[in-house]
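Please open the structure in your viewer and keep the sequence panel beside it, since each stop on this tour begins with a selection.

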Amino acid sequence: MALSRALRYCQRIFSWIPVVIISSVVLWSYYAYVFELCFVTLSNHLERDPRWDTKGLELRSGHIAFLLSLSQIFLLPSAVAYLLIFHVCFIMFCWTYWKAIFTPPSTPSKKFQLSYSDKERYEMEETPDAQKQILAEIAKKLPIFTRAQSGGMPCMKLKYYQDAIRFCDRCQVIKPDRCHHCSVCETCVLKMDHHCPWVNNCVGFSNYKFFLLFLFYSMLYCVFIASTVFQYFIKFWVGDLPNGPAKFHILFLLFVALMFFVSLMFLFGYHCWLVAKNRSTLEAFSAPVFPNGPDRNAFNGGISRNLQQVFGDDKKLWFVPVFTSQGDGHYFPLRTMRESENPLLANEEKWVEDDGSDEESPDESLLHVSLESNELTASRIPDCSCFLLFFLFVGKRQIK
Ligand SMILES: [Zn+2]
Ligand SMILES: [Zn+2]
């Protein structure tokens, strides 16, 4: 017992290693860009520029000359612009990364937990059939449309298994639509996308917007660094600037920025596609199952509505890392649902939280799910970078 607790403690410490690596690279990039590029390299460049009078500096020795050259850098418009834009990108990157890491994953509300009496009934039943019947009765009061995977059962039994309500034995909750159990976080996570080792957190309903913005601002940060550093890389290469430690920082800065940009481009592109289709990474690999069968496009309400579901109604806040996603993560409108039946669009909750009263069961007509795009076979894996594949592989192994 003590050993397993110690192992878990070690695992928690080791799980921060990817975050420490990313943070170290970012801190180094800050030093390399601000100090080695903007101050040292641009300062050297300035001294070689005949338009700038630096004779006075030569008369002063040591630190004073250096500090004067630093102060003079602020007179160079390109350096000021570089520093200004760089700091905007850097702050947005840090802000979104922080929010992606430290926003706790949303878990199912009390409404999805079994009451004491239901739990007793459930545990007293010995056969799985009777237990499933109890769960089906309880789920009638909840906004649940998805069903458990058939698990490759024979076709004769398919209908039966698609009627099984999704239940998490570990958390003892009925899983809302798009909710999955993460074995790393040891909890059920609403609209779980994947468990990301690079943010050491579950990416789900509570932080999906932050995660997307993190990818976006990371790309912007890398693009800005690569595009401004490139000309100085060439100058070092052709000998226009003197050799020194700055040369190696500039060289690695360009290399690292380009490497991260290429990886992030595939990952961000893939997530843009997922948002446009209103799918989570897990749903892209394994279609959610409904009473009529699996449907990969069940939550797809069109690009505009899909974007609003993640980023909110106010477009001014789309690029700001504050929570603006629609709904509470327990319920997502289906593609076949009429607008008047959609609580997210009608701005009212069909299933009210925390009032303690029994709600009406969902209209049976809402359960009609189109089967046009049924895909019972394994999903195609998108053509992405190794970074993405590793990322998904690690995440997928941790889903129950
Ligand atoms: Zn769970
Ligand atoms: Zn997790």
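Begin by selecting N278, which takes a positive phi of about 55 degrees just after helix α10. Residues are numbered from 1 along each chain as its sequence is written, and chains are lettered from A, with ligands numbered from 1, in the order in which they are written. This is a predicted model, in which local features need pLDDT of at least 70 and side-chain atom pairs count only at pLDDT 80 or more, while totals for chains, interfaces and linings use all residues.

Step back to α10 itself, residues 245-277; helices here are DSSP runs of H or I with at least four residues, and strands are runs of E with at least two, numbered from the N terminus. At 1.5 Å a residue (times one less than the number of residues), its 33 residues should span 48 Å, which agrees with the 48 Å between its end C-alpha atoms.

Now add helix α9, residues 208-238, which packs against α10 at an angle of about 150 degrees with the axes 7 Å apart; axes are lines fitted to C-alpha atoms over the stretch in contact, and angles run from 0 to 180 degrees between N-to-C directions. The two helices are therefore roughly antiparallel, a term for angles over 145 degrees. By class, their contact has 26 nonpolar, two polar and one charged residues, where Ala, Val, Leu, Ile, Met, Phe, Trp, Tyr, Cys and Pro count as nonpolar, Asp, Glu, Lys and Arg as charged, and the others, Gly among them, as polar.

Next, colour residues 12-33, 79-98, 210-234 and 246-270, which an unreviewed UniProt entry annotates as "transmembrane region", bearing in mind that annotations may be inferred rather than shown by experiment. Over residues 210-234 the chain is 100% helix, with end C-alpha atoms 36 Å apart, and over residues 79-98 it is likewise 100% helix, with end C-alpha atoms 28 Å apart.

Finally, select D118, R121 and Y122 in α6, which meet Q131, I134 and I138 in α7, contact being C-beta atoms, placed from the backbone, within 7 Å.

Key. Contact = placed C-beta atoms within 7 Å. Parallel < 35°, antiparallel > 145°, perpendicular 65-115°, else oblique.
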